[in-house]
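Grab your viewer and a pencil: here are a few geometry exercises to work through. Try each one yourself before you read the solution.

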Amino acid sequence: RAAAQTPLDQSFPKDFLWGTATAAYQIEGAVNEDGRGQTNWDVFSHTPGKVANGDTGDVACDSYHRYKDDIALMRNLGIKAYRMSLAWSRIFPEGRGKPNAKGLDYYNRVIDALLEAGIQPNVTMFHWDLPQALPGGWQNRDTAKAFADYAGFMAGKLSDRVHRFMTVNELRCFTDLGHMVGIHAPGLKLAPAQVNQVRHHGVLAHGLGVQAIRANAKAGTEVGIADNANIYVPAIETPEHIEAAKKAFRDDNAMFLTAVMEGRYIDSYLASAGANAPKVQAGDMAAIGSPLDFVALNIYTPTFVKADASDPRGYTPLPHLPQSPRMASPWLYVGPEAAYWGVRAVSELWKPKAIYISENGTSADDTLNKSGLVDDSDRIMYLRNYLGQFRRAAAEGYPLKGYFLWSLMDNFEWADGYGKRFGIHHVDFATQKRTPKLSALWYKELIRRNALV
Ligand code: PNW
């Protein structure tokens, strides 16, 4: 552990990687351009009643054409890194088969422009936009193999310039929200056995993807995952509650991050799944547990938990209360402690070499004021508090190396359409005008000082 810092020292580690994040379908638009194939989200967003206000990603932030404007925003912030995702269907319009050179050209242009601006690209291979042509989507095991082939191909093309890859974004969202809850593409509400099978194909895609990236990338390329593990905060900071939080974290993420980090499904998961447990083939678990260079976490909502001897698990998660503070998205409860305890749980359970925060940020009801500006003091409050907890984790010696704020700019917020704004830059979707919010100026100052205050 690093030596304790004085309470007044609000600085982050030297060389801390400050960044912002986005994802392809949420910003690119140009859905019918240069040979891009259709995705599950094109179909879903064009199905009436699925996305608020009938919004789609057809145009989004038009970053397919305006990526240079986006990079100018980043440059002005002084960020060192940008987390972006690749649209699989721009590269393989049918999900597999013959690559589409124009799709590859686009990402080469973006990556070269980032490097020219002195910004390090960090690339997510899959951020939910699945080529529609893949039969059965994530219900079909072959999709995991198709993903690995695509990821390996892109690693071969980009690893001369991209040194950090994340396989998939948020296992729980693209499996459960799409196939159990039904509020994301493809909008299914499957039975438990089928849901567990989809989850298995998700972690398998990650694992096969890690192997394929390593097989095709230049030596020294870092590979990891960007996951939104459910995070448990001990109600009271005492050893028994801390232990309860750690156990709850490992149990609740058993079919996702725990499987990835341990290369097996732990007993508590298999016991609770019973006859609905996924069908696993020989070699799957070893692939799923492929060693990683880092773990990246998307951190938003906390779950508080207490030790409880009367519960067979030894703990009880505490429900959010009606008056628990939330931001503009109903699921986004305020809990800065999630930042610290998320990093600490992953560190103590699995001792990864490095941890990145691949997303953290908030929605707010951002409207331009009379001067044409957004004074988002609520977002500044949120970020300041979460970053204080990330800083604590780093100062205590946990291997937190960087932070990607979600998001660079307002964008297509999935089922909420354009109604929920997560950006530190406001986007007027009628004109595509980007305007820095007050939070962008705040973030710029934080990066300049490499410190809170
Ligand atoms: C993440 N939840 O999604 C995604 O990675 C981003 O694409 C998205 O825009 C961002 O967070 C904001 O929503 C989440 O229900 C969606 O807890 C839902 C949840 C968490 C994250």
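The exercises below go from the sheet to helix packing, aromatic rings and the backbone, all on a predicted model.

**Exercise 1.** Work out in which order the strands of the barrel close, and what lies across strand 4.

*Solution.* Start with the sheet: 8 strands close into a barrel, in the order 1-2-3-4-5-7-10-11, with parallel pairing. Neighbouring strands there are turned by 25° against each other on average, ignoring direction. Now zoom in on one pairing: strand 4 (residues 164-169) and strand 5 (residues 222-227) run parallel and are joined by 4 bridges. Pick Arg-164 and you'll find Glu-222 of strand 5 as its bridge partner. Next, add the helices. Helix 6 (residues 142-158) lies across strand 3 and strand 4, at about 160° to strand 3. Helix 8 (residues 192-216) lies across strand 3, strand 4 and strand 5, and runs at about 160° to strand 4.

**Exercise 2.** Classify the packing of helix 13 against helix 14.

*Solution.* Two numbers get you going: two packed helices are described by the angle between their axes and the distance between the axes. For helix 13 (residues 337-350) and helix 14 (residues 377-395), the axes come within 6 Å and cross at roughly 30°. Angles under 35 degrees count as roughly parallel, so helix 13 and helix 14 are roughly parallel to each other. The crossing is right-handed. Who touches whom? Helix 13 brings Glu-337, Ala-339, Tyr-340 and Val-343, while helix 14 brings Tyr-386, Gln-389, Phe-390, Arg-392 and Ala-393. Sorted by class, that contact has 6 nonpolar, 1 polar and 2 charged residues.

**Exercise 3.** Decide whether the rings of Tyr-67 and Tyr-106 are stacked or edge-to-face.

*Solution.* There are 39 aromatic pairs in the count, and this is one to try. The ring centres of Tyr-67 and Tyr-106 are 5.9 Å apart and their planes sit at 80°. Planes over 60 degrees apart count as edge-to-face, so that's what this pair is. Tyr-67 belongs to helix 3 (residues 63-77) and Tyr-106 to helix 5 (residues 101-116), so the pair ties together parts that are 39 residues apart in sequence.

**Exercise 4.** Track down two cis peptide bonds and a positive phi outside glycine.

*Solution.* Keep the baseline in mind: most residues other than glycine have a negative phi, and most peptide bonds are trans. Ala-185 and Pro-186 are joined by a cis bond with omega about 5°; Pro-186 sits in the loop between helix 7 and helix 8. Another cis bond joins Trp-406 and Ser-407, with omega about 10°, and Ser-407 is in the loop between strand 11 and strand 12. Finally, Asp-34 has a positive phi of about 50°, in the loop between helix 1 and helix 2.

Note on methods. Residues are numbered from 1 along each chain as its sequence is written. This is a predicted model: local features need pLDDT of at least 70, side-chain atom pairs count only at pLDDT 80 or more; totals for chains, interfaces and linings use all residues. Side-chain values use heavy atoms; hydrogens and water are left out. Two strands pair if DSSP finds at least two bridges between them. Helices (H or I, at least four residues) and strands (E, at least two) are DSSP runs, numbered from the N terminus. Axes are lines fitted to C-alpha atoms, for helices over the stretch in contact, and angles run from 0 to 180 degrees between N-to-C directions. Contact means heavy atoms within 4.5 Å. Angles under 35 degrees count as roughly parallel, over 145 as roughly antiparallel, 65 to 115 as roughly perpendicular and the rest as oblique. A crossing is left-handed if the near helix is turned anticlockwise from the far one by less than a right angle, and right-handed if clockwise. Ala, Val, Leu, Ile, Met, Phe, Trp, Tyr, Cys and Pro count as nonpolar, Asp, Glu, Lys and Arg as charged, and the others, Gly among them, as polar. Rings of Phe, Tyr and Trp (its six-membered ring) pair if their centres lie within 6.5 Å; planes under 30 degrees apart count as stacked, over 60 as edge-to-face and the rest as tilted.
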